[in-house]
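Biologist: Please show me the model. I want to ask how each label is earned.

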Amino acid sequence: MVSQLINEFDTLGLYFGLAGTFFFIGMAIQDVLKKGDVPRFGRYIVWLVLFLGCSGFIAKGLIQVFWQGAGVG
């Protein structure tokens, strides 16, 4: 019981960590693009990929935790 709970928190922490890493890498790219001659449309694409990537990692972590909590995975 306790080991399963630790495993769920470990999985959730992994995906939240990946989302945070993805976010900071995206913010660094955004900062570099802001200093150059990149059109605004290019920066919007970076924001879109950043948002989808972060939300995807968070959703994957939450789904994995609930999936394991239900005893399916």
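**Labels and their reasons**

Modeller: This is a predicted model. Helix H1 gives the most to the nonpolar patch, with three residues.

Biologist: Which residues form the nonpolar patch on the surface?

Modeller: Phe 23, Phe 24, Met 27 and Trp 47 form it. Together they have about 400 Å² of accessible area.

Biologist: What makes a residue fit for a patch?

Modeller: A patch residue needs over 30% relative accessible area and no salt bridge. Phe 23 lies in helix H1. Phe 23 has 33% relative accessibility.

Biologist: Why is Phe 23 called partly exposed?

Modeller: Partly exposed runs between the 20% and 50% cut-offs. Phe 23 is at 33%, so Phe 23 counts as partly exposed.

Biologist: And Phe 24: why is Phe 24 called exposed?

Modeller: Exposed means over 50%. Phe 24 has a relative accessible area of 60%, so Phe 24 is exposed.

Biologist: Let us turn to the whole chain. How many helices and strands does the protein chain have?

Modeller: The protein chain has two helices and zero strands. Of its 73 residues, 22% count as buried. The accessible surface comes to about 5400 Å². Carbon and sulfur atoms hold 74% of that surface.

Biologist: Why is Glu 8 called buried?

Modeller: Buried means under 20%. Glu 8 is at 13% relative accessibility, so Glu 8 counts as buried. Glu 8 lies in helix H1, which covers residues 2-35. The C-alpha atoms of Glu 8 and Val 65 are separated by 5.3 Å. Along the chain, Glu 8 and Val 65 are 57 residues apart.

Biologist: What share of the contacts joins residues 24 or more positions apart?

Modeller: The share is 69% of the contacts with a separation of 6 or more.

Biologist: Where is Ile 58 found?

Modeller: Ile 58 is found in helix H2, residues 40-69. The C-alpha atoms of Ile 58 and Tyr 15 are separated by 6.0 Å. Along the chain, Ile 58 and Tyr 15 are 43 residues apart. Leaving aside neighbours within four places in sequence, Ile 58 is in contact with Phe 16 and Ala 19.

Biologist: Why is Ile 58 called partly exposed?

Modeller: The value for Ile 58 is 28% relative accessibility. That lies between 20% and 50%, so Ile 58 counts as partly exposed.

Biologist: Now the rings. How many aromatic pairs does a search of the whole structure find?

Modeller: The search finds two aromatic pairs. Phe 22 and Phe 57 form an aromatic pair, at 5.9 Å centre to centre and 70° between the planes. This pair links distant parts of the chain. Phe 22 is in helix H1 and Phe 57 is in helix H2, 35 residues apart.

Biologist: What makes the pair of Phe 22 and Phe 57 edge-to-face?

Modeller: Centres must lie within 6.5 Å, and planes over 60 degrees apart count as edge-to-face. With 5.9 Å and 70°, the pair of Phe 22 and Phe 57 meets both cut-offs, so the pair is edge-to-face.

Biologist: How do you know that Phe 22 and Phe 57 are partly exposed?

Modeller: Phe 22 has a relative accessible area of 29%. Phe 57 has 27%. Both values fall between 20% and 50%, so Phe 22 and Phe 57 are partly exposed.

Biologist: Why is the pair of Phe 23 and Phe 24 edge-to-face?

Modeller: The ring centres of Phe 23 and Phe 24 are 5.6 Å apart, and the planes are at 65°. That angle is over 60 degrees, so the pair is edge-to-face.

Key: Residues numbered from 1 in each chain as written. Predicted model: local features only at pLDDT ≥ 70, side-chain atom pairs only at ≥ 80, totals over all residues. Heavy atoms only, no water. Helix = DSSP H or I, 4+ residues; strand = E, 2+ residues; numbered from the N terminus. Buried < 20%, exposed > 50% of the residue type's maximum accessible area, 1.4 Å probe, protein only. Contact = heavy atoms within 4.5 Å. Patch = residues over 30% accessible without salt bridge, like charges linked within 9 Å, V, L, I, M, F, W, Y side chains within 5 Å. Areas by Shrake-Rupley, 256 points an atom, 1.4 Å probe, with all protein chains shown as cover. Salt bridge = Lys/Arg side-chain N within 4 Å of Asp/Glu carboxyl O. Phe/Tyr/Trp six-rings, centres within 6.5 Å; stacked < 30°, edge-to-face > 60°.
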